[in-house]
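Colleague: Please take one part of this structure and go through it slowly. I would like to see how it sits among its neighbours.

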Amino acid sequence: MKPRPFPLPSGRPSLVPSVLSADFTRLKASLAPVRRLADWVQVDVMDGRFVPNISFGPAITAAVAKASRLPVDAHLMVEEPGKFIGAFAEAGAGLITVHAEARGAAASLKAVKKLGLKAGLALRPGTPAAKLAPFMGLIDLALVMTVEPGFGGQGFMPEMLAKVFAVRELIVRSRRPVWLQVDGGINAETAVLAAGAGADSLVIGSALFGAPSPGRFLKRLKEKL
Ligand code: DX5
């Protein structure tokens with residue numbers, strides 16, 4: 001499936017629903033209220049090795065791309081991302097994020113770029129911002145995890161705000177259009193903290209799909225930010 005083009009950083013934070021918390025018994029209906037207010041959608045891919053959970057793969061990614069009609073960001077929380085870049089590109093992901101802690105991260109990023117897609121590099125909470133430095137000339141997105149990857153519904157780790165600030169400095173120094181994305185425990189309050197520290201892409205799962213009206217939640221968050 002041809003990927004939808006991704007927007008470039010514009011100074012306004014992008015809001016990115018994480019499908020991990022969507023209702024998979026009614027995926028299209030679950031995404032409908034947020035489709036017009038979201039900038040793109042994130043598919044949280046887990047292999048049961050890199051993280052102690054298994055979620056979904058290329059087939060669900062293709063379904064999300066079709067159902068949401070939004071650009072798709074595939075966040076690969078997998079041990080060997082290089083094995084799956086082609087499959088997620090085929091499925092319609094326009095941006096593929098690999099973890100700096102995974103095997104072959106550098107080669108995977110190059111493979112993503114070679115396919116003409118946007119490339120993201122993610123850091124677990126324990127990995128310092130400096131790990132991104134060698135890749136700042138290559139990546140289109142830096143992801144600072146604000147929870148330990150593997151599960152939705154966890155509490156935001158405020159100690160990650162200093163790392164968000166440090167990554168923002170790396171991006172400014174790179175003079176390149178790189179999104180600074182945060183993922184984990186983002187809600188109406190922590191979104192403001194993360195944006196204040198320099199994040200301009202907010203992945204939201206349980207706070208969004210658990211809201212009485214996800215559409216109203218996103219609308220209010222947009223106004224707030
Ligand atoms: C962690 C998952 C979650 C998810 C967001 O591995 O990737 O961070 O995207 O979930 P919430 O918003 O519920 O923390």
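Modeller: What follows is a close look at one strand, β6, in a predicted model.

Strand β6 covers residues 141–145, and five of its five residues are buried. Take the directions of the side chains next. In a regular strand the side chains alternate between the two faces of the sheet. In β6, L141, L143 and M145 point one way, while A142 and V144 point the other way. Residues on both sides are buried. The cut-off matters here: a residue is called buried because its relative accessible area is under 20%.

Now the neighbouring strands. Strand β5, residues 118–123, runs parallel to β6, and four bridges join the two. Within this pairing, A122 is found opposite L143 of β6. Strand β7, residues 179–183, is also parallel to β6 and is joined to β6 by five bridges. There, L180 of β7 is the bridge partner of A142.

The chain also has to get from β6 to β7. Helix α5, residues 161–174, belongs to this connection: β6, α5 and β7 make a β-α-β unit, and the unit is right-handed.

To put β6 in order, then: its residues are buried, its side chains point two ways, and parallel strands pair with it, namely β5 and β7.

Terms used
Residues are numbered from 1 along each chain as its sequence is written. This is a predicted model: local features need pLDDT of at least 70, side-chain atom pairs count only at pLDDT 80 or more; totals for chains, interfaces and linings use all residues. Side-chain values use heavy atoms; hydrogens and water are left out. Buried means under 20% relative accessible area, exposed over 50%, partly exposed in between (1.4 Å probe, protein chains only). Two strands pair if DSSP finds at least two bridges between them. A crossover is right-handed if, with the strands pointing away from the viewer, the path from the first strand over the helix to the second runs clockwise.
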